[in-house]
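I opened this notebook to record what I looked up, entry by entry. The entries follow the order in which I consulted the structure.

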Amino acid sequence: DEHGAPILIDPPAPTPEQTLQIYTAKIQARLDSFVQSRSYDSGVSCASYAASTNATFKSEANRFIELRDQTWAACYAIMDDVKADKRPMPTLDELLLELPVLTWDADV
């Protein structure tokens, strides 16, 4: 201030690159949390069972891989539209609502 005392100011808004990093981390955490509901350590761990001789593990891995691919394809399509000025940057909550629903049942 005019007396030389420090003042609080709002931090600058994150850059688009920083926002994308934040969103990417949250989406990955969402995917990891989904597979942790079936006791896998992470999406990488779950996906490693795609060639398993155990039918349950193999089925779960393939379902996860399908959802993972759909999730990232949707995310990248949205971000491409943002970069091309076809739409504004969504909030994280808005983005998550546009991503595929994570469910083990492939019919949902």
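**Entry 1. Trp104 and its partner**

I began with Trp104, which is buried at a relative accessible area of 17%. I note at the outset that the model is a predicted one. I then looked up the aromatic pairs and found four in the structure. In one of them the rings of Phe34 and Trp104 have centres 4.3 Å apart and planes at 20°. I recorded this pair as stacked, because planes under 30 degrees apart count as such. Phe34 belongs to helix H1 and Trp104 to the segment after H4, so the pair ties together parts 70 residues apart in sequence. I also checked Phe34, which counts as buried at 10% relative accessibility.

I noted a further result on rings: Tyr40, Tyr49 and Phe57 are linked into a cluster by ring pairs.

**Entry 2. Arg63**

Is Arg63 buried or exposed? I found a relative accessibility of 9%, so Arg63 counts as buried under the 20% limit. Its place is in helix H3. I next asked which residues Arg63 contacts once its neighbours within four places in sequence are left aside. The answer was Thr103, Trp104, Asp105 and Ala106. Trp104, the residue of my first entry, is thus in contact with Arg63 as well as stacked with Phe34.

I then looked at the charged partner of Arg63. Its side chain meets that of Glu66 in a salt bridge, at 3.0 Å from N to O. Both residues lie in helix H3, three residues apart, which is about one turn of the helix. The two partners were worth listing separately: Arg63 is buried, at 9%, whereas Glu66 is partly exposed, at 36% relative accessibility.

**Entry 3. The other salt bridges**

How many salt bridges does the structure hold? I recorded four; I followed up two besides the one between Arg63 and Glu66.

For Arg38 and Glu60, the closest N and O atoms of the salt bridge are 2.8 Å apart. Arg38 sits in the loop between helix H1 (16-36) and helix H2 (43-47), and Glu60 in helix H3 (residues 55-83), so the pair ties together parts 22 residues apart in sequence. I looked up the accessibility of both: Arg38 is partly exposed, with a relative accessible area of 37%, and Glu60 is buried, with 12%.

For Glu98 and Arg87, the closest N and O atoms of the salt bridge are 2.6 Å apart. Glu98 lies in helix H4 (residues 92-98) and Arg87 in the loop between H3 and H4, so the pair ties together parts eleven residues apart in sequence. Glu98 is partly exposed at 40%, and Arg87 is partly exposed at 25% relative accessibility.

**Entry 4. Helix H1**

I checked the length of H1 against expectation. At 1.5 Å a residue, its 21 residues should span 30 Å, and the end C-alpha atoms are 30 Å apart, which agrees. I then listed the buried residues of H1: Thr19, Tyr23, Ile27, Leu31, Asp32, Phe34 and Val35. Against what do they pack? I found that the buried residues of H1 pack against H2, H3 and H4.

I singled out Ile27 for its contacts. With neighbours within four places in sequence left aside, Ile27 touches Thr71, Trp72, Cys75, Leu95, Leu96 and Leu99.

**Entry 5. The nonpolar core**

I next turned to the largest nonpolar core, which has 20 residues. Which of its residues touch the most other members? I recorded Ile27, Phe34, Val35, Phe64 and Leu95. H1, H2, H3 and H4 each supply at least two residues of this core. H3 gives the most, with seven residues. Among the names in this entry, Ile27, Phe34 and Val35 also stand in my list of buried residues of H1.

**Entry 6. Ser45**

My last look was at Ser45, whose place is in helix H2. Ser45 counts as partly exposed because its relative accessibility is 21%, and buried would mean under 20%. I also took the separation of Ser45 from Asn62, which is 17 residues away along the chain. Their C-alpha atoms are separated by 12 Å.

Definitions and conventions
Residues numbered from 1 in each chain as written. Predicted model: local features only at pLDDT ≥ 70, side-chain atom pairs only at ≥ 80, totals over all residues. Heavy atoms only, no water. Helix = DSSP H or I, 4+ residues; strand = E, 2+ residues; numbered from the N terminus. Buried < 20%, exposed > 50% of the residue type's maximum accessible area, 1.4 Å probe, protein only. Phe/Tyr/Trp six-rings, centres within 6.5 Å; stacked < 30°, edge-to-face > 60°. Contact = heavy atoms within 4.5 Å. Core = buried A, V, L, I, M, F, W, Y, C linked by side-chain atoms within 4.5 Å. Expected span 1.5 Å × (residues − 1).
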